[in-house]
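Q: Could you take me through one part of this protein up close? I would like to look at the salt bridges and the charged surface around them.

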Amino acid sequence: MKKFFFFISLLFCISTVSAQSKSIKINGTVLSGDNQSPLESATVYLERIKDSSLVTYTITNKEGQFELLTDTNDDKLNLFIDYVGYQTFYKQLLIDKELIDLKSIELNISNSLDEVVIKSRAPITIKKDTLEFNVKSFKTKKDANVEDLLKLLPGVEVDEAGKITVNGKDVSKILVNGKPFFGDDPTITTRNLTKDIIEKIQITDTKTKSEAFAGEEGDKENKTINLTIKEENNKGIFGRVAAGAGTDERYEFAGMVNVFDNDRRVSVLAGGNNTNSPGFSFGEIQKMFGGGYSMSMNSNGSFAIDGRSFGAGQGITTSQNVGANYADQLSEKVEISADYFYSGSDSENETITERENILPDSRFFSDSRSKTVSDSQNHSANLGFDIEIDSTFLMNVKPSFRWSKATTSFSQEEETRDEANNPTNASTTASFVENDAKTFQNEFDLTKRFGNKGAFLKFEMDNEFNDRSSDDFLTSETNFFNAVDEDILRDQLTTSEMDYRRLRLSSTYRLPLKAKELFLDFSYDFRNENRTNLRSTFDRNETTNDYDDFNFDLSTDFQYLNQENTPSARITLRKEKWSTSFRTSYVFRTLENRDFLRPELNLKRRFEAVELRAYFNYRFSDKASMYSGYSLNNSPPSLNQLQPFQDVSNPLNTVTGNPNLEPTNSHRIYAGYNAFDFQKKTGVYSYLSLNFNNNQVVSRTIVDPETLKRTTTFANVNGNYDVYGNINYSKSIKADSLKTVKLDIGISANLNRNVNFNNEVQYKSNVTSLTPSLELRFNWKEVMEFRPRYRLSYTTNTYDIPTFEDINFIRHDLDLNLTTFLPKHFEWTNSVDFNYNPNVAPGFQKSAWFWNSTLAYSFMKDKAILTLKVYDLLDQNTNARRRATENYIQDSQSTVLQQYVMLSFSWKFNSLGSKGETGSSNFYILD
């Protein structure tokens, strides 16, 4: 470790030495030639004369002023000024003094009859709601992918998992030439497409194709990135193959082949590993599939990325993946896209948990040790048609199919003790579950435009058919250490069949009150959901040794219906600088539960409620904007919360629904501010949200003081709320032509008020968290990148009853990421993570250093890479965690991947057009 920090210090010392260069400042004011008004957001940039490489750039402020600061060895530089709709200004500058004042510069409106057409290389262009970057202006290493490129763009952030934000707003979709690429997982696109085939990057607000066709505004809180490939580079084959083998029998492999033929695109990928990666782990091979974007844990311990399971998670996982993607323009009016994915995984995990349970007048403790072994197979297929019947009529059809099979073996030992540390109960459980699930979904949209004022009629139909079945073999024993309660022994088979049907119909008519500015929308939504759940439990018959004794108490057979009718109206006003909308809806909802085993538990409830939604967006300039909104939503209780059925499947917790529950009304108020100054290279992003819930449904649990068995039902409470806010500031500093430093500093805060019951005592708990963070990024072109980051998490839990003690938690996280590019063709990456959690219980690891190191050598003209990597160099990997809620504190630790060394090889190929020599768009030189 000392050698590592010495190496970092040495590199910083070396970085203070730089070549002799001249520091210059160039300023001026850009005006419109016809009326002398200032032109805001014009692009001003300098290029070297000998090779047209970009030196620096900026955009003008609202007064049309600009300032360029740079260091250069050149005696002359070319200056260009671009603005949409105007002729490009060009001037060769003599660099003979530190300050060059160009005073006023007038741009003339474009007139194709008087212009000489040449190529434009403006690094950035702002067109109303579209931000466009010229890829050729941003220099990267030779084998850079799209993710490497995005990290260089001003206002764009990419984290280690591949999640992208633009000026503080999440990127929800990435397109290639306006079409999806391998479904909705952006990392497959950003980590597999190389920078050298991309011509431009366009960033806009996220819209569906139907919204774009109808002229609607879309989602202003999320962004879409469109990667454009020049026509001559849009025909050919490219891809990458990779494989690696290591100690402890670790391995990974992947391959991806893409065939582009103008509008037709075919891609195939395959891979596998036993290193807990959705695609691959850290290092060169990670670039193949991406990993970690929109990731959530499945019940079997595997991970799901954007709805697809890739089989990574806690424990040790072996996964396999195969996929194919197809997109084509079948005719002038018909587009098609299709993809198929298969993923399989085998996972094994052991978990140790210690929990302190808090009661109003006492506490009790539970310790458990569990083991899970799972195997899953998942298939998914998606198809999409966009049919433009005529210039005013669009049809969208998107069917999809999912099929998954899984087996899970689970075993657990648990013991519960009272406050005096005396055992009260103990249990052992073993189960084997087989699951099979099939889902079909379809989205069908029709959009018809009328006239040129913004009127349209839209019809939408979404339906879903979901069938699930399972066989669950269970053996368990629950022992109570008193003289009253009998032990509970179970040896059972439970077969389940669960069906879900959903149909949603929606129609919207837009009436323009003022052409393209003021609109009134009338909508009607119909939604019908039908769930059936047949669960049959059979005890083992000691005589026949078969599972044929029907257990009525543990069996269910019910149907749950939810029908909604919602008329609504919305008014929208759009101005050049701002827009606002207000929507009001009235929900008619009927909930019905039919219990075929226990007809006396049938229930039917009708609810009516108002729902509201308002939005306001203001654009101060092309550099800064704010948005705010309010919503009132009404959500019904879930089936298990309403159904008065007594669920005794858990011997230590009997759960009974409450048929008198009311729906929850949720009020949400939010606001955000985003600004990025291209001149000063500074960004400020902030967000604030307040959520208030009336009639929120919470658990109401009573604990038996002798056995510590729980009896749970549900109740409505008022007074729950959540407040969240964050602010981030970033600044880039260009030390010279080779070295840049970027500072990111931020803080987030959260206050959560919960009203709950504990042994019939109603109480309030406040959970307050504060998380400041600091990150530096030092980049020395073609020499090194250093990225340290520190994050402190402080949490405090307070209660309004004296028997509950207030609790404070603190956690430190430090990340050090260093990449060096010397000597030539070598890339050495070190990622060091340190976490310290002093509050975990004795016996759990409080701190750990986690160091991954990768050394890559590129050859064969940078098409091949040989990589040696060491995972967990210090052999200290741990995942000990502490969690605190309103009624318990829990420490847990589970199986983690241990140290290994791996040697891998990857090779990329590319026959697209002129192999990445992208061109640029047109601009003009004045006579």
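A: Here is a walk through the salt bridges, followed by a charged patch and one strand residue.

This is a predicted model, in which local features need pLDDT of at least 70 and side-chain atom pairs count only at pLDDT 80 or more, while totals for chains, interfaces and linings use all residues. Residues are numbered from 1 along each chain as its sequence is written, and side-chain values use heavy atoms, with hydrogens and water left out.

Let's start with the salt bridges. A salt bridge here is a side-chain nitrogen of Lys or Arg within 4 Å of a carboxyl oxygen of Asp or Glu. By this rule there are 43 salt bridges.

One of them joins the side chains of R363 and E356, with 2.5 Å from N to O. To describe how covered a residue is, we call it buried under 20% relative accessible area, exposed over 50%, and partly exposed in between (1.4 Å probe, protein chains only). R363 is buried because its relative accessible area is 14%, whereas E356 counts as partly exposed because its value is 22%.

Now look at two strands (strands are DSSP runs of E with at least two residues, and helices are runs of H or I with at least four, both numbered from the N terminus). D491 forms a salt bridge with R540, and their closest N and O atoms are 2.7 Å apart. This pair links distant parts of the chain: D491 sits in strand β29 (residues 488-514) and R540 in strand β30 (residues 518-540), 49 residues apart. D491 is partly exposed at 26%, and R540 is partly exposed at 29%.

D521 and R510 also form a salt bridge, with the closest N and O atoms 2.8 Å apart. D521 lies in strand β30 and R510 in strand β29, so this pair ties together parts that are 11 residues apart in sequence. Both D521 and R510 are buried.

Salt bridges can also be followed through a network, here linking E157, K742, D744, E775, R777 and R787.

Next, the surface. K136, K139, K734 and K781 form a positive patch (residues with over 30% relative accessible area and no salt bridge, like charges being joined within 9 Å). K136 is in the loop between β10 (130-134) and α2 (146-150), and it counts as partly exposed because its relative accessibility is 44%.

Finally, I733 is found in strand β42 (residues 720-734). I733 touches K739, T740 and V741, leaving aside residues up to four places away in sequence (contact means heavy atoms within 4.5 Å).

Key
Patch = residues over 30% accessible without salt bridge, like charges linked within 9 Å, V, L, I, M, F, W, Y side chains within 5 Å. Areas by Shrake-Rupley, 256 points an atom, 1.4 Å probe, with all protein chains shown as cover. Lys, Arg positive; Asp, Glu negative; His and termini not counted. Charge placed at Lys NZ, Arg CZ, Asp CG, Glu CD.
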